[in-house]
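User: I should like to go through this model with attention to its chain interface, its core and its charged pairs. Please reason through each point before giving the value or name.

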Amino acid sequence: MSILAPARAIAPPGYSRWLVPPAAIALHLAIGQVYAFSVLKGPLQEHFGASHTAIGWIFSLAIVVLGLTAAFGGPLIARFGPRKAMVVSAVFWVSGYLVAAAGVALDQLWIVYLGYGLIGGIGLGVGYVAPVATLMRWFPDKPGLATGMAVMGFGGGALLASPLATAMLASFSSPTSDGIAATFVALAALNAVLMLWAASVVREPAAGDGGEVDSHGSPVGGSDADVQPRAAVRRPTFWLLWFVFFVNITAGIGILETASPMIQAFFPQLTAAAAAGFVGLLSLGNMAGRFGWSTLSDTIGRPATLTGFVVGGAAVYVTLALTGSAAIGVFVALAVLQISFYGGGFSTMPAYLKDLYGQRHVGVILGIILTAWSAAGVAGPLIVNGIVDARERAGIEGAALYQPALWVIASLLAVAIVANAGIIALRRREATR
Amino acid sequence: MSRWMVARAVGLWVVVVVALGYGITMTVIKASALF
């Protein structure tokens, strides 16, 4: 039997479920490094003499391919089982770095698109879902904690890779080289070790005997409530949830994507270093939200948690639009809170899908709903940058540059509040169908 | 369940905690420039 066969990854009797989370966190730490791309953006622009947009597309392509791979490859990835999915993800993610390194060495930007964007993006899509679904099977009594741990790793990837890539670029650069290709190769090697180690550690619980049971004593691995992915996407709750997820991500990206220039527009006295400090705080809020909110959702319930994201988000955006430039402390606190909602959405969503559609197909359904991430990755920057660019051309400066964009996102959140109420109203009816 | 299997998992816990600790510390240092 192949070492990658799903049966080889089934845990032996007595295996502690606390030995499984590091595999999920480590894999997400590796693929989450995509969010540290901004560190490489400046050096790549200089290397290729390319525009912000041209280099920005490398990251956007990776996120779009992530969503498409998770959505359309979901059933195949589910058949792989977690270990094979992790190995396939490692092969693509690491190859993506290596191909991108070749692109930099050969001065061919299209090879970087192909490597980091397309090949790497497939690695992201294959690797994202499997660890989340596996941890949920081990922690059926605490699905929010399980998804929080896994998805926290994704947020942590940026925290890890930003200083690491900065240090690597500094150490590999020389009078004859900017060090980018060597940095890509070093990150590839590091991620290969981390991801393959994670794949060797991951285990599936044995169904029934030896497997975990949930808080009601039911064996892990499915129930009568399991809904097929095709049936799930025909339910109105799925699309309402998709919309709420989309708006929550758009609201996060609205701040994240433009954090540094935004805070400097609201508070012109701030230095660039202080603005970079603000970006760092947002990263911490993102990671804390991923773990904290979904863990809390195990206690207060997923509907209440999601209601908190959209109602709280609308309040944050309205306050920022009305009084954002009044006090820097309030601005920073509100922005960090909003980014924690953004992170919390990613970790609460898989657990919510499990609540609504059962455990068995949650990985495939999660893959489909991740298309909301791809859509928001395009919509969020378009809304904010489009409005800011237009007002800048009109000669407007300071906080007023951003106010209409804040109102647009607040309005989207208001619609999401209605959609969220619809989910709560409809879920009971769907459950009894 | 072999000791080697458990050692790999515990070792990975250590790596994960150290990596997250490094990332968080570096980010807190960066964020402190705001205050």
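User: How many residues of chain B are in contact with chain A?

Analyst: The model is a predicted one. In it, the contacts on the chain A side involve 35 residues. On the chain B side, the number of residues in contact is 24.

User: Which three residues supply 25% of the area that chain B buries against chain A?

Analyst: The area buried between chain B and chain A is about 2,500 Å², and carbon and sulfur atoms give 83% of that area. No other three residues of chain B supply more of what this chain buries against chain A than Leu12(B), Trp13(B) and Leu34(B).

User: How many residues are nonpolar on the side of chain B that touches chain A?

Analyst: Across the interface of chain B and chain A the rule finds 0 salt bridges, and 3 residue pairs are in polar contact. The side of chain B that touches chain A includes 3 polar and 2 charged residues. Its nonpolar residues number 19.

User: Which residues touch the most other members of the largest nonpolar core?

Analyst: This core holds 146 residues. Leaving aside neighbours within four places in sequence, Trp373(A) is in contact with residues including Tyr35(A), Ile63(A), Phe154(A) and Phe346(A). Another core, of 6 residues, lies apart from the largest one and has Ile77(A) and Phe80(A) among its members. In the largest core, the residues that touch the most other members are Leu44(A), Phe184(A) and Trp373(A).

User: How far apart in sequence are the parts that Arg17(A) and Asp141(A) tie together?

Analyst: The side chains of Arg17(A) and Asp141(A) meet in a salt bridge, at 2.9 Å from N to O. Arg17(A) lies in the segment before α1 (21–31) of chain A, whereas Asp141(A) lies in the loop between α5 (109–138) and α6 (143–172), so the pair ties together parts separated by 124 residues.

User: Is Asp226(A), the partner of Arg360(A) in a salt bridge, buried or exposed?

Analyst: The closest approach in this salt bridge is 3.6 Å, N to O. Asp226(A) has a relative accessibility of 18%, and the cut-off for a buried residue is under 20%. Asp226(A) therefore counts as buried.

User: Which residue forms a salt bridge with Arg302(A)?

Analyst: Arg302(A) is buried, with a relative accessible area of 7%. The closest N and O atoms of the salt bridge are 2.8 Å apart. The partner is partly exposed at 28% relative accessibility, and its name is Asp298(A).

Definitions and conventions: Residues numbered from 1 in each chain as written. Chains lettered and ligands numbered in written order. Predicted model: local features only at pLDDT ≥ 70, side-chain atom pairs only at ≥ 80, totals over all residues. Heavy atoms only, no water. Contact = heavy atoms within 4.5 Å. Buried area = accessible area lost by both parts, 1.4 Å probe. Salt bridge = Lys/Arg side-chain N within 4 Å of Asp/Glu carboxyl O. Polar contact = N/O pair within 3.5 Å; in protein donor to acceptor, adjacent residues only side chain to side chain. Nonpolar A, V, L, I, M, F, W, Y, C, P; charged D, E, K, R; others polar. Core = buried A, V, L, I, M, F, W, Y, C linked by side-chain atoms within 4.5 Å. Buried < 20%, exposed > 50% of the residue type's maximum accessible area, 1.4 Å probe, protein only. Helix = DSSP H or I, 4+ residues; strand = E, 2+ residues; numbered from the N terminus.
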